[in-house]
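Biologist: Please take a close look at one helix pair in this model. How do the two helices pack, and which residues make the contact?

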Amino acid sequence: MNVEKLSKRLELVANAVPKDARVADIGSDHAYLPCYLALNEQITYAVAGEVVDGPFQSACLHVKEQGLEEKVFVRLADGLDAIEELDKIDTVTICGMGGDLISKILERGYIKGQLKTVNTLILQPNIGEQHVRKWLMAHQYKIIEEYIIEENKKIYEVIVATVSKDDIEYSLEQLQFGVFLPDRKETAFVQKWMLELDKYESVIKQLKQAKTDESEKILLFREKQRVIKEMLGNAHSK
């Protein structure tokens with residue numbers, strides 16, 4: 001029986017977890033996600049990793065309250081150090097961090113061999129999604145799905161990737177905007193990039209008021225705007 005209630009963004013992540021997966025949720029935030037997956041019998045095993053003692057203790061308490069001590073194992077560890085070889089983890093979820101930090105966590109784990117058995121990565125960066133896509137491309141994880149959602153006046157992306165035997169090559173535009181998202185022209189996606197356009201416009205206005213010559217920087221931000229406008233125009237025309 002489902003007694004958990006997830007946020008919309010974590011629901012997207014949960015729905016992307018393969019049936020009967022063995023999951024490691026890194027930075028687990030009270031272990032909400034693994035508990036939800038376990039209660040709904042979507043997974044067979046989970047590790048909830050926390051690097052700070054306070055959230056670690058909260059996660060332990062939550063798992064105990066749900067009676068899931070035999071299925072969800074909470075560990076105090078930095079990043080993918082929460083994973084042990086005997087866990088046989090096949091799916092890793094990392095949510096609610098910056099894309100640069102997520103990439104660094106994955107890279108450390110990759111070097112240490114902690115991703116050897118991991119076939120699926122489900123990642124929800126708060127910012128810097130391009131860092132995540134670059135890492136996935138460089139390490140032969142193919143992006144198979146992307147989601148975007150607006151919740152509490154913030155916009156979140158979820159990136160799902162699986163191991164590929166082939167080399168992966170994404171364009172600069174795909175790294176920035178996504179592999180699937182531009183073609184779908186969802187409201188949250190358009191909203192996100194319209195906000196970016198406004199942000200760049202504010203920067204340009206400030207640069208124009210500067211006492212020094214900032215023409216090169218202005219040109220740089222105009223180019224950024226042009227790329228976004230072109231992408232949005234292409235998205236709307238499809």
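Modeller: Here is the helix pair, followed by a hairpin and a salt bridge. This is a predicted model, where local features need pLDDT of at least 70, side-chain atom pairs count only at pLDDT 80 or more, and totals for chains, interfaces and linings use all residues. Residues are numbered from 1 along each chain as its sequence is written, and side-chain values use heavy atoms, leaving out hydrogens and water.

Helices (H or I, at least four residues) and strands (E, at least two) are DSSP runs, numbered from the N terminus. Helix α4 covers residues 99-111 and helix α5 residues 129-138. They pack at an angle of about 25°, with axes 7 Å apart. Axes are lines fitted to C-alpha atoms over the stretch in contact, and angles run from 0 to 180 degrees between N-to-C directions. Therefore α4 and α5 are roughly parallel (angles under 35 degrees).

The contact (heavy atoms within 4.5 Å) involves Gly99, Asp100, Ile102, Ser103, Leu106, Glu107 and Tyr110 of α4. From α5 come His131, Val132 and Trp135.

Now the hairpin. Strands β6 (residues 141-151) and β7 (residues 154-163) pair in the antiparallel sense over 10 bridges; pairing needs at least two bridges found by DSSP. Isoleucine 143 stands opposite alanine 161 in β7. Between the strands are 2 residues, and asparagine 152 in this hairpin takes a positive phi near 50°.

Last, a salt bridge (a side-chain nitrogen of Lys or Arg within 4 Å of a carboxyl oxygen of Asp or Glu). Arginine 75 forms one with aspartate 87, their closest N and O atoms being 2.6 Å apart. Arginine 75 lies in strand β3 (residues 72-76) and aspartate 87 in the loop between β3 and β4 (91-97), so the pair ties together parts 12 residues apart in sequence.

Technical notes
Parallel < 35°, antiparallel > 145°, perpendicular 65-115°, else oblique.
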